[in-house]
Amino acid sequence: MKSDTVFKYVLHLIAVIILALLSLIFITLFVNSLPSIKSLGLKFFISTRWNPVKGEFGALPFLVGTLITSFLALIISTPFSLSIAVFLSEYFKRGALSSVIRSGVELLSGIPSVIYGFWGLFVLVPVIRNLELKLHVPPYGVGIFTASLLLAIMIIPYSASIIREVMKLVPADLKEAAYSLGATRFEVLKGVVIPYSKSGITAGLILALGRALGETMAVTMVIGNANVLPTSIFAPSNTMASIIANEFSEAVDSIYLSSLVELGLLLIVVSAAINIISRWVIKRTSKV
Amino acid sequence: MGYQKDVKSLMEKEINKNLENNQSFIVNDKHIFFRKIYNILFKTSIILFSIISIIPLFLILFYVLQKGITAIDWDFFVKLPKPVGVEGGGISNAIIGTFLIILMSSLMSVPLGVGTGIFLSEYQNSKLAYVVRLFVEVLQGVPSIVMGIIAYLWVVRPMGIFSGFSGAIALGMMMLPVIIKNTEETLKLIPHSLKEASMSLGVPYYKTILKVVLPSSISGIVTGVLIGIARIAGETAPLLFTAFGNPFMNLNIFKPMNSLSLLIFNYATSPYQDWHRIAWGASLFLIVFVLFTNLVANGVAKKWKVEF
């Protein structure tokens with residue numbers, strides 16, 4: 001009887017440790033970004049000058065860079081991830097073609113980010129450079145567009161799998177009713193499946209956006225690392241994650257380090273909010 | 001048969017009458033034609049887009065295989081990296097570093113993860129479980145670079161030195177949610193009757209969990225650990241300022257340590273051709289390792305499926 005009590009205490013203790021772990025993560029980030037929050041305040045988010053040597057820390061270029069790359073990646077990837085979800089959940093539920101696409105997407109999600117970056121640097125960058133020469137824009141090769149393209153490839157498997165889960169939740173009798181009225185597949189999708197799972201699909205896309213916001217290695221390798229406000233989508237830039245990856249180990253004085261930690265805090269807060277809200281939306285759809 | 005013929009001729013008469021009387025029937029026919037066309041167009045574009053989206057996979061795999069295969073030979077696995085300008089050399093230190101870091105992360109996250117999984121399935125509807133589940137979801141969404149910052153602030157700064165150990169802490173935290181979710185899902189599949197049978201024989205609760213429930217769900221737990229390993233094996237961002245990288249062989253976990261992913265990053269962004277070649281070889285090895293681990297995880301999940 002006594003050991004049972006101990007066992008139950010241990011289980012609860014472990015659960016509390018998990019809670020403490022995440023809380024400590026937030027507290028650590030907050031405490032360590034205090035020096036920068038105190039001395040820079042709101043200027044941190046609206047100033048465009050990032051010059052650690054002169055002690056100027058304005059993170060606006062990175063906020064803008066992060067938002068543009070992630071949204072562009074989301075826009076590029078959405079038609080593809082929606083197609084894969086429809087393909088696997090409506091058209092080809094089983095069979096050879098279905099397993100090719102399914103395992104292809106699974107493998108795509110298994111490739112490490114650094115290898116995406118490496119491949120992007122040596123294959124995608126020259127291709128984009130040629131494209132830029134044809135478009136008569138400065139042919140950097142690296143830049144926001146390249147990073148977005150690479151990010152789009154990386155988030156397709158993630159959003160496709162969530163959208164597929166959501167589409168599976170559409171009740172079969174609704175779809176069958178539409179079919180029995182003579183609706184075609186396309187009309188069933190347009191009139192039943194998409195409206196029913198609209199909020200879930202949106203939540204899935206937002207989760208994918210959260211994934212794109214925090215993605216580091218691939219972006220760092222192809223974005224060009226320029227600490228200025230981007231002028232076009234082909235210009236080199238930096239995201240919050242890539243500036244941390246590039247400069248964190250060089251950051252010696254406390255304000256420099258703390259301003260990078262503040263970016264990390266911003267990243268974790270945004271991704272936590274995105275996660276909680278979208279999971280809640282998805283759960284609500286599955287209950288109806 | 002005669003009856004069917006009658007119906008057919010009746011229908012034909014009716015249709016002919018319709019055709020003569022008004023044109024709406026034909027319009028309707030056209031309408032159906034367009035609906036079918038839309039349907040076919042939509043299906044084609046869905047198939048097209050789906051196939052386009054896995055083309056990058058083949059491009060990447062092909063390119064890495066083509067470039068990497070030339071770098072791989074026996075020396076590649078057993079020798080240390082050579083300085084710039086010296087041909088040859090291997091990545092033995094990175095391979096050993098990667099496995100050491102994975103081992104340490106697993107040692108840290110498996111007990112904690114399995115314990116949390118047991119808690120979540122045993123106290124499914126308690127308030128604490130609800131909060132823990134929420135926290136686990138958030139933990140899963142934490143960007144990997146932030147884990148690196150955390151491990152830096154917790155371990156590297158107080159100790160004053162980059163270390164493989166701090167890298168393992170960052171990766172362990174990334175592995176945790178995967179293990180927790182898989183353990184919980186598997187334990188939920190174990191029927192109550194199994195537990196009740198054990199308890200009715202007088203086996204104490206803790207022994208029932210540890211000796212009856214856990215062993216029968218071992219395949220799900222192993223799958224979770226393997227998926228977790230596949231997830232962290234290629235992670236680079238959390239190691240940048242924790243394990244840091246090291247051109248020499250190092251088995252001391254409190255010193256800077258090299259890993260495959262760090263080596264790929266450092267070599268890929270260097271200007272030396274010979275280093276690129278080695279990085280391609282390392283990429284091939286890493287991809288094969290990650291895909292193989294995923295494959296084994298799927299195999300374990302299928303072969304020793306939890307079924308009652």
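## Why these contacts get their names

Q: Which residues does Glu122(B) touch, not counting residues up to four places away in sequence?
A: In this predicted model, Glu122(B) touches Lys195(B), Tyr205(B) and Ile209(B). Glu122(B) itself sits in helix 4 of chain B.

Q: What makes the side chains of Glu122(B) and Tyr205(B) a polar contact?
A: Their distance is 2.6 Å. The cut-off for a pair of N or O atoms is 3.5 Å, so the side chains of Glu122(B) and Tyr205(B) count as a polar contact.

Q: How far apart are Glu122(B) and Pro271(B), in sequence and in space?
A: They are 149 residues apart along the sequence and 55 Å apart from C-alpha to C-alpha.

Q: How many aromatic pairs does a search of the whole structure find?
A: Over all chains, the search comes up with 29 aromatic pairs.

Q: Why is the pair of Phe99(B) and Phe289(B) called edge-to-face?
A: The ring centres are 5.2 Å apart and the planes meet at 85 degrees. Pairing needs centres within 6.5 Å, and planes over 60 degrees apart count as edge-to-face. Phe99(B) and Phe289(B) satisfy both conditions, so edge-to-face is the right label. The pair also links distant parts of the chain: Phe99(B) is in helix 4 and Phe289(B) in helix 12 of chain B, 190 residues apart.

Q: What makes Glu90(A) and Lys175(A) a salt bridge?
A: The N to O distance between these side chains is 3.1 Å. The rule asks for a Lys or Arg nitrogen within 4 Å of an Asp or Glu carboxyl oxygen, so Glu90(A) and Lys175(A) pass. Glu90(A) belongs to helix 3 (residues 60-91) of chain A and Lys175(A) to helix 7 (residues 172-180) of chain A, so the bridge ties together parts 85 residues apart in sequence. By this rule, the count over all chains is 11 salt bridges.

Q: What does the secondary structure of chain A come to, helices and strands included?
A: Chain A has 12 helices and 2 strands, and its pattern along the sequence reads α-α-β-β-α-α-α-α-α-α-α-α-α-α. The C-alpha trace of chain A spans about 75 × 70 × 30 Å along its principal axes.

Q: How many residues does the contact take from chain B and from chain A?
A: Chain B gives 76 residues and chain A gives 74. About 6,900 Å² is buried between the chains, with 82% of that from carbon and sulfur atoms. Arg35(B), Leu57(B) and Ile60(B) lose the most area on the chain B side, together 8% of what that side buries.

Q: What makes Arg279(A) and Glu137(B) a salt bridge?
A: Their closest N and O atoms are 2.9 Å apart. With the limit at 4 Å, the pair of Arg279(A) and Glu137(B) therefore qualifies. Between chain B and chain A the count is 2 salt bridges, along with 9 residue pairs in polar contact, both partners at pLDDT 80 or more. Elements giving two or more residues to the chain B side include helix 2 (24-68), helix 4 (92-122) and helix 12 (273-303) of chain B. Helix 2 of chain B supplies the largest share of that side, 19 residues. By type, the side of chain B that touches chain A has 57 nonpolar, 15 polar and 4 charged residues.

Q: Where does the domain assignment place domain 1 and domain 2 of chain B?
A: It puts domain 1 at 13-69 and domain 2 at 77-303. The domain centres, taken over C-alpha atoms, are 44 Å apart. The contact between them takes 7 residues from domain 1 and 6 from domain 2.

Q: How many salt bridges does the rule find across the interface of domain 1 of chain B and domain 2 of chain B?
A: The rule finds 0 salt bridges there, and the count of residue pairs in polar contact, both at pLDDT 80 or more, is 0 as well. On the domain 1 side, the residues that touch domain 2 divide into 5 nonpolar, 1 polar and 1 charged. The area buried between these domains of chain B is about 580 Å², 90% of it from carbon and sulfur atoms. Val64(B), Lys67(B) and Gly68(B) supply 62% of what domain 1 buries against domain 2, more than any other three residues.

Notes: Residues numbered from 1 in each chain as written. Chains lettered and ligands numbered in written order. Heavy atoms only, no water. Domains from an automatic or database assignment. Contact = heavy atoms within 4.5 Å. Buried area = accessible area lost by both parts, 1.4 Å probe. Polar contact = N/O pair within 3.5 Å; in protein donor to acceptor, adjacent residues only side chain to side chain. Nonpolar A, V, L, I, M, F, W, Y, C, P; charged D, E, K, R; others polar. Helix = DSSP H or I, 4+ residues; strand = E, 2+ residues; numbered from the N terminus. Phe/Tyr/Trp six-rings, centres within 6.5 Å; stacked < 30°, edge-to-face > 60°.
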